[in-house]
Amino acid sequence: MNKLHSLSVLLLSSCEFLAIDPLPVNFSSLLILDLSENYFISSSFDWFVDLSSLTTLNLRSSNIHGQIPSHLRNMTSLRFLDLSNNNFDSPIPDWLFHMTSLEHLDLRSNVFQGKLPNGIGNLSPITDLDLSDNALEGDILRYLGNLCAFQVSKFSHHRQGKSLEFLNLRGNKLSGSFRLGRELAFSGEHIPIWTHRKRNPFSGKIPISLGGISSLRYLNIRENFFKGILSEKHLANLTSLEELDASSNLQLTVQFTGSLPYISSGVTELDLSNNLFRGSLLTMLCQGRTNKEENPLQSLDVSGNILSGELPNCWMYWRELTVLKLGNNNLNGHIPISMGSLMWLGLLHLHNNHLSGDVPVALKKCCSLMVVDLSENEFTGNIPAWMGNFNGKFRKMYEFIGHDQEIIYELGLHGLIFLNLSNNHLQGKIPVKIGAMTSLESLDLSMNRISGVIPQGLATISFLSHLNLSYNNLSSKIPSGTQLQRFSPFSFIGNPEVCGAPLTNDCGEDGKPKSPVPDNDDTEDSGWIDMKWFYLGMPWGFVVGFWAILAPLSFNRAWRHAYFQFLDEMKHKLLGVSCIHVF
């Protein structure tokens with residue numbers, strides 16, 4: 001190996017090394033070294049001292065503990081350094097941020113702790129910086145201006161004008177706020193990807209200068225303490241913006257407020273959920289739109305706000321939508337006909353609003369629907385018989401249902417998977433075709449006025465894991481099979497004429513409950529009414545009885561003396577009996 005004095009590239013990734021001791025090789029010409037994805041139990045990195053010409057070092061996922069090897073500080077030409085997915089558990093040394101040639105620094109998924117060194121502002125040539133998923137503290141935003149504006153250093157092999165393109169800070173304990181008067185200056189062909197989420201309590205107002213980053217493609221500032229108004233002034237010039245996530249800035253009393261911003265033509269994902277946006281969806285979705293304009297928006301989430309008004313009738317401009325979440329607002333009116341233009345829509349959340357009317361036939365044209373949640377509204381009429389004719393057409397989508405359970409919908413799953421129509425005013429019968437939805441995993445029709453029998457087809461849906469038909473006007477026996485009997489009785493309660501397992505109320509030969517079924521709830525209510533008057537009469541009875549005795553004694557002196565004399569005689573008699581027993 002001594003003959004390898006001219007070696008410039010050495011790739012030893014995934015070689016299952018347990019240790020790598022100093023090698024008898026002259027590495028003075030080595031430029032690229034990759035030791036990633038090994039499992040070093042114990043190693044000495046003293047031989048790094050000779051790697052002064054190294055430009056790329058990859059130690060990713062190599063089970064390295066303790067501190068960053070100090071000999072790295074001699075690598076003055078280093079431009080790419082990846083130490084991610086190890087077990088470094090010390091503060092980040094200040095000298096690391098004085099390596100002014102670094103363009104790519106990845107320290108994610110370690111146990112780095114303590115405050116960020118002041119020298120982080122010296123990394124002006126940096127283009128990719130990932131400090132995510134550590135335990136770092138300190139004010140990072142005070143250095144953000146230096147990181148985003150390139151300054152030519154004495155190591156002038158960098159291209160002038162190159163600046164920060166990727167920044168990931170999530171999963172730390174970082175803090176700070178944007179300082180007014182110190183506006184951010186961004187340049188370059190690419191832009192930062194900000195993911196300030198998970199435990200980073202950033203605060204302050206979003207500077208207007210953010211809107212000057214014309215090449216910004218991804219912006220994620222969710223789960224922070226940002227306050228003020230996120231308006232068109234912040235977003236109007238972001239012509240390259242594809243994804244925006246400003247959700248969950250609800251901590252304390254600081255939230256995004258105001259009207260929803262206008263959506264730029266290049267946006268593909270927009271998440272403004274769980275804020276205090278108010279007003280109508282009309283301006284954001286309809287104003288100034290034409291069919292000639294291409295809108296690539298695929299995911300829109302404005303749930304958990306204070307939006308009001310009717311659903312706009314301009315969904316024909318948003319034909320690429322696959323995810324639409326408008327739940328937990330104050331929207332009213334009917335579902336518009338134009339929503340039938342969303343043929344690629346796979347997930348529709350309209351729950352907890354004030355929407356009314358029938359479930360429209362227009363939704364039948366949304367042939368890719370897999371998840372439909374119309375619960376907690378004011379819909380009337382019957383459950384459409386055509387529900388169940390949806391066919392999944394898109395390759396993959398993600399949705400969190402319940403307790404952070406991730407479900408992946410792949411090509412080939414045909415029909416609805418999740419259907420929630422609970423807490424409405426629906427009536428009529430459950431469609432027989434609902435049993436043909438063989439991919440159905442969750443069905444909730446509770447808290448409606450649905451009548452008739454439970455379709456036999458529900459007992460044959462093998463994937464059904466959640467069912468709630470409670471508090472309706474259903475009747476007859478629960479269909480027997482391998483599915484329905486394993487559900488909790490709570491899935492069927494509130495239907496007095498339903499019987500059979502899993503309920504304890506058995507069915508007779510005629511398929512009706514053996515025990516008598518009250519015509520209505522009057523008998524139960526009458527029992528409560530009787531008890532209510534009993535409890536209400538108790539204090540008044542006590543007052544009347546008490547004064548019936550004390551009032552005559554108060555006004556008749558002879559009666560009063562006779563009463564107390566009687567009490568004295570009774571006292572002496574009782575004491576006499578006690579004395580006889582004692583002696």
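What percentage of the 583 residues in the chain is buried? In this predicted model, buried residues make up 46% of the chain.

**Figure 1. The whole chain, with its five helices and 37 strands.** Start with the big picture before zooming in. The chain exposes about 29,200 Å², and carbon and sulfur atoms supply 55% of that area. Now look at who touches whom: among contacts with a separation of 6 or more, 57% are between residues 24 or more positions apart.

**Figure 2. How confident the prediction is along the chain.** The pLDDT averages 75 over the chain, and 67% of the residues score at least 70. Residues 179-198 are a stretch where the pLDDT is below 50; beyond near neighbours in sequence, the model still gives this stretch 79 contacts. Residues 392-413 also have a pLDDT under 50, and here the model has 51 contacts beyond four places in sequence.

**Figure 3. An open sheet of four strands.** Read across the sheet and you meet the strands in the order β32-β34-β36-β37, with parallel pairing. At the edges stand β32 (427-429) and β37 (497-499). Each of these two has a single partner strand, so one side of each is left without a neighbour in the sheet. From one strand to the next, the twist averages 25 degrees. As a reminder, strands of a sheet pair through backbone hydrogen bonds, either parallel or antiparallel.

**Figure 4. A closer look at β32 and its partner β34.** How many bridges join β32 to β34? There are three, and the two strands run parallel, with β34 covering residues 449-453. To find your way around this pair, look for K429, which stands opposite S451 in β34.

**Figure 5. S470, a serine in a loop between two strands.** The loop that holds S470 runs between β35 (466-468) and β36 (473-477). Is S470 buried or exposed? S470 has a relative accessible area of 6%, and because the cut-off for buried is under 20%, S470 counts as buried. Leaving out residues up to four places away in sequence, S470 touches S446, M447, F490, S491, F492, I493 and N495. There is also a link to a residue close by in sequence: the side chains of S470 and N468 are joined by a polar contact of 2.6 Å.

**Figure 6. A cis peptide bond between A501 and P502.** Follow the backbone from A501 to P502 and check the bond that joins them: omega is about 10 degrees. Where does P502 sit? You'll find P502 in the loop between β37 and α4 (522-555).

**Figure 7. N85, with a positive phi although it is not a glycine.** The phi of N85 is about 55 degrees. N85 lies in the loop between β5 (80-82) and β6 (87-88). With a relative accessible area of 33%, N85 is partly exposed.

**Figure 8. N423, another residue other than glycine with a positive phi.** Phi is near 55 degrees for N423. Look for N423 in the loop between β31 (418-420) and β32. N423 is partly exposed, and its relative accessible area is 35%.

How values were computed. Residues numbered from 1 in each chain as written. Predicted model: local features only at pLDDT ≥ 70, side-chain atom pairs only at ≥ 80, totals over all residues. Heavy atoms only, no water. Buried < 20%, exposed > 50% of the residue type's maximum accessible area, 1.4 Å probe, protein only. Contact = heavy atoms within 4.5 Å. Areas by Shrake-Rupley, 256 points an atom, 1.4 Å probe, with all protein chains shown as cover. Polar contact = N/O pair within 3.5 Å; in protein donor to acceptor, adjacent residues only side chain to side chain. Pairing = 2+ DSSP bridges. Axes fitted to C-alpha atoms, helices over the stretch in contact; angles between N-to-C directions. pLDDT = per-residue confidence, 0-100.
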